[in-house]
Structure formats: C-alpha cells, structure tokens
Amino acid sequence: MADSTGGDTHDPSRRDFLYVAAAGLGAVGTVGFVWPLVDQMNPSQDVLALSSIEVDLSGIEVGQSITVSWRGKPVFIRHRTEAEIAKAKDVAMADLPDPEGDDVRAEKPQWLVLVGVCTHLGCVPLGQAGEYNGWFCPCHGSHYDTSGRIRKGPAPTNLPVPKYVFLDDNNIKIG
Amino acid sequence: MSGHSSFQTNNPVLKWIEYRLPIFGFINDSLVVYPTPKNLNYWWNMGSLAGMMLVLQIITGIVLAMHYTPHADMAFASTEHIMRDVNYGWLLRYMHANGGSMFFIVVYIHIFRGMYYGSYKEPRELLWWLGIIIFILMMATAFMGYVLPWGQMSFWGATVITNLFSAVPLVGEEIVAWLWGGFAVDQPTLNRFYSLHYLLPFVIFAVVFVHLWALHVHKSNNPLGIDIKGPQDTIPFHPYYTVKDLYGMGIFGIIFALLLFFAPNLLGEPDNYIPANPLVTPTHIVPEWYFLPFYAILRAIPDKLFGVIAMFASIFILFALPWLDTSKVRSARFRPVYKMLFWAFFLNCFVLGYLGAKPPEGIFIVIGRLSTALYFLFFLVLPFIGWFERPRKLPESIATAVLESSGDDGGGGGAPDAAAAKAEDRG
Amino acid sequence: MYKFAKVLAFTAVTALFASPLYHASPALAAGSAEPIMKVDWSHSGPFGTFDRASLQRGLQVYREVCSGCHGLRFIAFRNLLEIGLTEKEAKTIAAEYTVMGGPNDEGEMYERPGKLFDYMPSPFDNEKAARASNNGAFPPDLSLIAKARIGGENYLYSLLLGYEEEPPEGVTLAEGMAYNRYFPGHQIAMGPPIDDEAVEYADGTAPTKEQIARDVSAFLMWTAEPAMEARKRMGVKVVLFLIVLTLVLYGVKRKVWADLH
C-alpha cells in the first residue's frame with residue numbers, strides 16, 4: 001500500500017497515514033452499508049409481534065389437551081391428571097434415552113407445554129396415544145411419555161418445551 | 001484481451017488461472033494500467049458515479065423485492081410494511097426511491113458533458129448510441145418502478161403513459177390492451193411491470209458492459225477534444241482516476257445522504273401516499289421530475305398522435321447527433337458558436353422541465369410550444385454551424401497543453417482546465 | 001477544489017431546480033387557497049424529535065374525535081409503545097377495541113378484544129360503506145395523511161383551524177358542506193371537527209382548539225413517518241462520516257496526483 005518510492009519528495013509517513021485512514025474508513029463504511037442489507041432479512045417487527053402468544057388455560061379440563069399455533073408450529077398444552085403426573089415422575093433416569101426430570105419439563109406439574117414437532121423428522125405426533133399413553137408419532141413410530149419424553153422409536157430427543165411464563169394462574173405467555 | 005496483456009505474476013495459482021481465463025489481465029488492462037487522458041476534469045466523474053448508482057439500485061432493489069408484494073390489493077400495504085416493520089426498511093426504500101433521482105441527475109450531467117465536449121463524434125458514435133440505449137432503458141425501468149407502490153400517482157401515471165400508445169393508428173387500442181393485460185391498468189399490469197422492473201436493470205448492466213467495451217477501444221474523450229497522440233498524453237487509470245473517482249463518490253455520497261436522510265420526500269409526490277383509486281383522478285398529474293421535459297414536449301403539440309411522435313422524436317433524435325454535427329472539432333471550448341448554442345439548449349431543457357410541471361393553460365402553452373420548437377431547432381441548426389463556424393486553434397497535444405499550465409498548481413485536479421484556458425487564450 | 005465547487009453547484013441546482021416549482025404547481029391548480037399556517041414543530045429540522053406528550057394527547061384526540069369516521073389502518077397497538085405508552089397502557093387501549101378473530105374450532109369468525117399485534121380497526125368496512133354513511137364523501141384513512149397532502153402536518157393544522165361559520169359573500173355552499181379557508185376549493189364535506197374543550201387532557205394541558213389541532217397534527221405526522229427520528233439520527237452520523245471520509249479521500253487524491261508534476 002505504502003509505495004513512497006520514485007523520487008517523491010513528500011513525507012512518506014503522512015502519505016501512509018492517509019492511505020491507512022482511507023482504507024480504514026472505507027472498511028467501516030462498507031460494513032455500515034452491508035449491515036442493513038443483512039439485517040433486513042431478520043424477522044420484521046410485525047413478525048416479532050406475533051412471536052409470543054398468550055393462552056387462556058381456564059377452559060381446559062383435567063385430562064384434556066389443546067393445540068395452539070405458535071410461530072407456525074403446533075404447541076400442545078395438556079392439563080395432566082394426577083395419574084399422568086405420577087407416571088411421568090416415577091421413571092428411572094436410566095430408562096430414558098434423553099434423560100430429563102419431569103419437574104424441569106413442567107413448571108407446574110398439572111400443565112405440560114410442548115412444541116408438537118417430532119424430533120425425528122418433523123411430523124406432528126398424535127396425543128393420548130402410544131405405548132406410554134403420551135404421544136405417538138405415526139410417521140416412524142416414536143413413542144413419547146406423559147412428560148413428552150422419547151421412550152421408544154427413532155426420535156433422538158424429547159419433545160422440546162418452549163419458553164413460557166405464567167402470567168397468572170390461568171394465563172401463560174409462550175415465547 | 002489476452003496474449004499481449006501487461007499482467008505479469010510469479011504466483012503459480014494466479015498463473016494457472018490466467019492461462020485458462022485471462023481475467024487478471026483483463027482487469028489489469030481495463031482498470032489499472034488502462035491509459036486515460038491526463039486532463040480529464042470532474043465532469044468525467046459522472047460515468048463511474050452512474051455505474052455505482054446502477055449497482056446500488058440493483059442491490060437495494062433486490063432487497064426490497066424480498067418484502068414487496070406485486071398485487072393490486074397488497075402492493076401499497078406491503079410498501080408501508082417495508083417502511084414500518086422491516087428492519088431498516090425505510091432506509092432501503094428511501095435509498096432506492098431517491099437513488100433513482102440521483103441516478104438520473106448523474107446521467108443527465110453525463111449526457112450534457114458528452115454533448116459539450118463532443119464525445120459523440122467519430123470514432124465514438126456507437127459508444128454514444130449505447131449510452132442512449134441505456135438512457136431509454138433507464139426511463140422504462142424508472143417508470144415501471146414508480147408504478148409499484150400502487151399509489152394514486154403510480155396508477156394514474158401508468159394510465160397516462162400507457163395511453164400514449166393508443167395514439168398509434170389502427171392498432172392503438174389493441175396495443176394498449178396488450179400492455180395492460182386488460183381494459184385498464186390493473187393487477188396484470190402491476191404484475192408484469194414488477195417482472196420487467198426486475199429484469200431491465202440487468203439488461204442495462206449488460207449494455208453498460210458493451211458501452212465500456214466501446215469506450216476502451218478509442219479511450220475517453222477529454223476536455224480538449226483532441227486525440228491521444230502517445231503515452232505522454234495519458235496516465236494509468238489506477239491510481240490516478242480510481243482515487244479521483246472515489247473522491248467524487250464521497251462528495252456525491254454527501255449530497256445523496258442529505259437528500260435521503262433529511263428530505264426523502266422532496267422529489268416525490270404527496271399523492272403517491274394515497275392508495276391507487278381507479279375511480280378518482282388526482283387534480284394534477286405530474287410524472288417524476290426526470291421525465292418533465294419530455295412530458296412538456298408531449299403536451300406542447302395539440303394533436304395526440306403528433307404529440308406522442310414529438311416526444312419520442314425528442315429522445316430518438318439524439319441517435320442522429322453524431323451526423324448532425326458536421327464540425328471536425330469536438331470540444332465546445334474551441335467552438336464559440338456551438339458553445340452558445342449548447343448553453344441555449346441546456347437552459348431550454350430546464351424551461352421544458354419547468355413547463356412539464358405546470359398545468360397546460362394560458363401562457364404556459366405558448367412558452368411550451370416555443371420551447372419545444374427551440375429544442376428541435378438545436379438539432380436542425382447544428383449541421384450548418386459546422387460549415388460557417390471558425391473554431392479556435394487546437395493545442396498540439398494533451399501533453400503540451402498540460403505542461404504549459406503546470407507549475408502553478410500542485411493539486412493536479414484543476415490543471416487541465418487551466419491548460420484549456422490558456423489554449424483558448426492563444427487561439 | 002474550485003472546479004469541483006462548480007460541479008457541486010451545478011448538481012445542487014439540477015437537484016433542487018425542479019422540486020419547489022414542481023410542488024408549487026398542484027396548489028396553483030387546486031385554486032386560490034390561502035397560504036397555510038406554519039407551526040414551529042419540535043420534530044422539524046435535522047435534529048428534531050417528536051414531543052411524546054403531544055403525540056399521546058394527539059392519540060387521545062384521534063380516538064375521541066377523528067376515529068368515528070377516519071381509520072388508522074397502518075398503526076398497530078404495539079406501535080403505541082413508540083410514543084411512550086407503557087405496555088400495560090397500550091394493552092388497555094387495544095382491549096377497548098373489538099377485532100375479528102378466528103376461525104375457531106367450529107370454523108366461525110368471532111369478535112375478540114384487540115391485542116398488541118392487532119391494527120387499529122377502521123370505522124368502515126370499505127370505501128362504499130364509508131361513502132354511504134357520509135353523504136357520499138369518503139373520510140380518508142389517516143395513517144399517511146400528513147405525507148399525502150402538500151404542506152404536511154402544517155396543512156392539517158391549518159385545515160383544522162380554517163373553518164368559517166359563514167362563507168364569504170358570493171359563495172354558496174352545497175348541501176352539507178362547510179367552508180374552510182385552506183381546503184382546495186374551500187368546500188369541505190367534513191364539518192368543523194374540533195373546538196375549544198373538545199377533549200379533556202389528563203395532563204392538565206389547556207385544551208384550546210389550537211392545542212388540540214397541534215397535538216393531533218403532530219400525532220398524524222408520527223403515524224405517517226414513524227421512522228423519522230431514527231432516520232434523522234442515522235443521517236447525522238452518516239453525513240459526518242462521509243465528510244470525514246471525503247476529506248481523507250481528497251487528501252489521498254492530492255497526494256497521488258502530486259506525483260504527476
């Protein structure tokens with residue numbers, strides 16, 4: 001960059017400084033210009049506004065499940081019975097392909113919230129089905145238990161629990 | 001392009017590539033060692049600025065297309081979606097909309113520069129032609145782009161301009177229906193305009209490439225308008241003109257940024273923030289500013305068909321310019337009569353632009369006709385000027401003209417014009 | 001530098017020549033409306049920012065006065081956070097509106113209270129319904145009105161205050177029309193929408209009609225150009241950066257060209 005030969009009488013260090021400054025500022029300007037072009041592909045404000053949903057749980061009877069749509073995916077919300085909770089808690093970690101305690105998967109034991117996408121190849125599992133009476137994926141036969149954990153079949157991991165908070169006893173905000 | 005390239009390297013990878021695809025030699029020949037007249041002034045910055053604007057418009061356009069919906073029911077709302085919800089969407093859209101205006105400013109200066117310094121003359125006639133083709137393609141692209149937001153001015157501008165073709169005898173109505181894909185400007189029109197608005201910039205890009213190819217055969221013209229006589233008349237493009245172009249881009253960028261960030265709607269029409277309504281025409285339809293002179297010519301002629309013919313003729317007559325100008329001298333610096341005529345033509349274009357924005361009534365009609373006549377008169381008078389005009393004496397060469405003036409200027413940028421001034425004094 | 005100054009001047013002239021002339025013309029064509037009143041807005045100028053309190057009062061004016069006839073379809077309730085409302089306040093306002101939801105599990109559409117992600121419901125389903133309820137006139141959506149009128153927010157302010165109870169002599173108003181000094185053609189289908197005390201401000205600001213007009217005009221400027229503050233902020237930075245970069249490039253250019261002599 002700093003080619004100050006050729007019988008040039010000017011101060012070479014000033015010249016170098018100018019070149020470095022120009023190149024440096026040019027690089028900063030380029031990054032500044034490119035960033036909006038990249039960021040525009042990120043979710044827009046209206047999409048982000050829909051990225052969290054609030055669900056009223058009061059209408060779900062014990063033993064019932066509902067499916068709501070969140071970020072384009074089904075989310076299962078199950079009001080578990082005492083028997084289901086007991087069954088979910090009463091499992092040896094060693095029996096689980098993807099060991100996870102039920103208490104970390106359900107903030108309040110009676111409410112189980114899951115992203116309803118099979119971790120195998122993305123099908124939507126059927127509720128209250130399968131050998132463990134949790135969920136059963138009809139595509140390749142993965143069985144999930146009443147905590148949504150994988151017990152049998154090709155799926156590698158448990159059904160994911162989305163981030164959610166209880167706004168009050170009967171309302172949750174997912175996302 | 002290959003074989004006799006000045007590109008030399010010892011890097012085996014570059015050598016391997018260069019042997020198969022002489023791309024480094026090509027870049028070296030056309031952007032690095034490319035011999036350029038030493039005396040180009042700042043008006044010669046417009047070419048690189050236009051190239052930059054084309055690239056910028058393509059980039060911002062592609063990005064906007066990711067969010068825009070070309071549907072009559074959704075186009076307006078999707079434009080507002082870009083302005084309100086997309087990250088930096090307002091920036092990208094204002095950059096694209098005002099970028100169109102900046103592109104036209106640069107190209108108009110580029111064209112006037114070519115006219116002033118006789119850059120269209122032998123052997124650069126095809127170079128000039130390619131430039132006009134780019135200009136026409138730009139106008140088509142800009143027109144269709146303006147339709148896309150589907151505001152009132154989009155809709156009615158599209159209606160008025162496409163209706164020009166109904167002036168064609170016998171098949172006018174059929175042509176217009178074909179353009180519209182229906183019996184009025186509507187969804188099919190919007191959809192095809194979107195498609196073509198996306199396509200044409202790439203066609204422009206290709207023609208620009210050929211434009212540059214033609215340029216590089218006989219090299220740039222220069223303010224003196226005399227041929228390059230040897231290596232003493234030229235300097236390598238890099239670093240001299242790369243850095244000068246970059247500096248010009250900086251100045252241009254400041255002007256662009258002031259418009260974009262502090263007056264983004266200055267050149268737009270308020271009516272275009274009203275959604276298109278096929279049942280209500282705005283009280284006053286005006287095209288974008290860069291079409292105004294042509295719009296004025298269209299309206300100056302009281303006959304529909306001849307108005308349309310005059311408007312198209314005002315553009316297409318530029319193709320004949322290299323042959324209408326019979327003078328052997330290129331630069332207006334040495335042509336006292338042509339110089340006056342040029343400035344009269346230049347001012348007249350502004351008068352036409354002013355009239356294009358005025359309602360066609362009263363005194364404006366009279367001035368409009370006069371101005372239109374003057375516009376064409378320029379081209380009619382031009383052949384005769386070459387016969388009786390006595391040009392001033394041309395300098396021996398670019399190098400001698402530059403040498404005579406050097407010594408009083410350390411910056412270099414101002415030197416060529418000072419040289420020319422001296423040359424004029426001698427004549 | 002001098003040469004370039006000439007180029008610059010030319011460019012500036014080219015850029016600016018057309019615009020004022022060209023914008024002046026529609027006003028001329030529209031008839032002899034009075035020149036509009038100019039307000040000293042906090043948001044004008046290259047460093048201007050919106051007056052949040054005024055925008056919030058303007059929102060109140062819109063909701064209590066304008067929204068009966070005019071929509072605001074590009075504004076979502078979540079946008080109200082940008083003018084300084086808390087999430088709770090915005091949610092409360094949203095819930096006061098009814099929007100269509102669904103379809104539910106029975107396939108029916110149902111009404112539900114508005115949420116933050118909903119947009120302001122328009123008072124009429126479509127233009128025909130609007131015209132049918134307004135004596136044939138169409139109350140435009142106000143989202144973009146400040147950018148869709150020559151004069152912008154100053155025009156809105158003037159229009160709101162430009163009503164005359166009696167038209168000047170020699171002017172006969174058509175049935176149901178009002179006389180406005182600033183409206184093109186002077187005959188406007190919208191009756192005088194505001195008067196002193198037309199609303200009651202919670203923050204204690206005196207609700208004179210000038211104040212009300214000012215607040216709602218500022219609010220409508222915001223709805224038309226919500227990114228204005230971000231734009232100006234970025235603009236100042238970009239222009240300063242480009243000036244520095246250009247000065248450095250000018251230095252480089254001089255150095256490089258100095259070799260020639």
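**Entry 1: a helix in chain C**

I began with helix α3 of chain C, residues 87-95, where Lys91(C) and Glu87(C) both lie, 4 residues apart, about one turn of the helix. I noted that the model is a predicted one. I then looked up how the two side chains are placed, and found that Lys91(C) and Glu87(C) meet in a salt bridge, at 3.6 Å from N to O. The rule sets its limit at 4 Å between the side-chain nitrogen and the carboxyl oxygen, so this pair qualifies. I also recorded the count over all chains, which comes to 25 salt bridges.

**Entry 2: chain A against chain B**

I turned next to the interface of chain A and chain B. How many residues are in contact on each side? I found 12 residues of chain A in contact with 14 residues of chain B. I noted a buried area of about 1100 Å² between the two chains, with 66% of it on carbon and sulfur atoms. I asked which residues of chain A lose the most area to chain B. They are Phe33(A), Leu37(A) and Gln40(A), which together account for 46% of what the chain A side buries.

I then checked for charged and polar links. The rule finds 0 salt bridges across this interface, whereas 7 residue pairs are in polar contact, both residues being at pLDDT 80 or more.

I looked up where the touching side of chain A comes from. The elements that give two or more residues to it are α1 (12-39) and α2 (45-49) of chain A. I recorded α1(A) as the source of the largest share, 5 residues. By class, I listed 6 nonpolar, 4 polar and 2 charged residues on this side.

**Entry 3: enclosed space**

I last examined the cavities. Rolling a probe the size of a water molecule over the atoms shows where empty space is left. I found 6 cavities of 30 Å³ or more in the structure, and the largest cavity holds about 920 Å³ of space.

Which residues are the closest to the centre of the largest cavity? Of the 41 that line it, I noted His96(B), Ala97(B), Gly145(B), Tyr146(B) and His197(B). The elements that give two or more residues to this lining belong to chain B: α3 (46-65), α4 (75-84), α5 (89-116), α6 (125-147) and α9 (187-218). I recorded that α5(B) supplies the largest share, 9 residues. I closed the entry with the make-up of the lining, which divides into 25 nonpolar, 13 polar and 3 charged residues.

Definitions and conventions
Residues are numbered from 1 along each chain as its sequence is written. Chains are lettered from A and ligands numbered from 1 in the order in which they are written. This is a predicted model: local features need pLDDT of at least 70, side-chain atom pairs count only at pLDDT 80 or more; totals for chains, interfaces and linings use all residues. Side-chain values use heavy atoms; hydrogens and water are left out. On a 1 Å grid over the protein atoms alone, a cavity is a set of points where a 1.4 Å probe fits but cannot get out, and a pocket is an open set with protein on both sides within 12 Å along at least five of seven lines; lining residues have an atom within 4 Å of a point. Grid points are joined across faces, edges and corners, and a volume is the space filled by probe spheres set on the points. Ala, Val, Leu, Ile, Met, Phe, Trp, Tyr, Cys and Pro count as nonpolar, Asp, Glu, Lys and Arg as charged, and the others, Gly among them, as polar. Contact means heavy atoms within 4.5 Å. Buried area is the accessible area (1.4 Å probe) that two parts lose on being put together, summed over both. A polar contact is a pair of N or O atoms within 3.5 Å; within protein, one must be able to donate a hydrogen and the other to accept it, and residues adjacent in sequence count only if both atoms are side-chain atoms.
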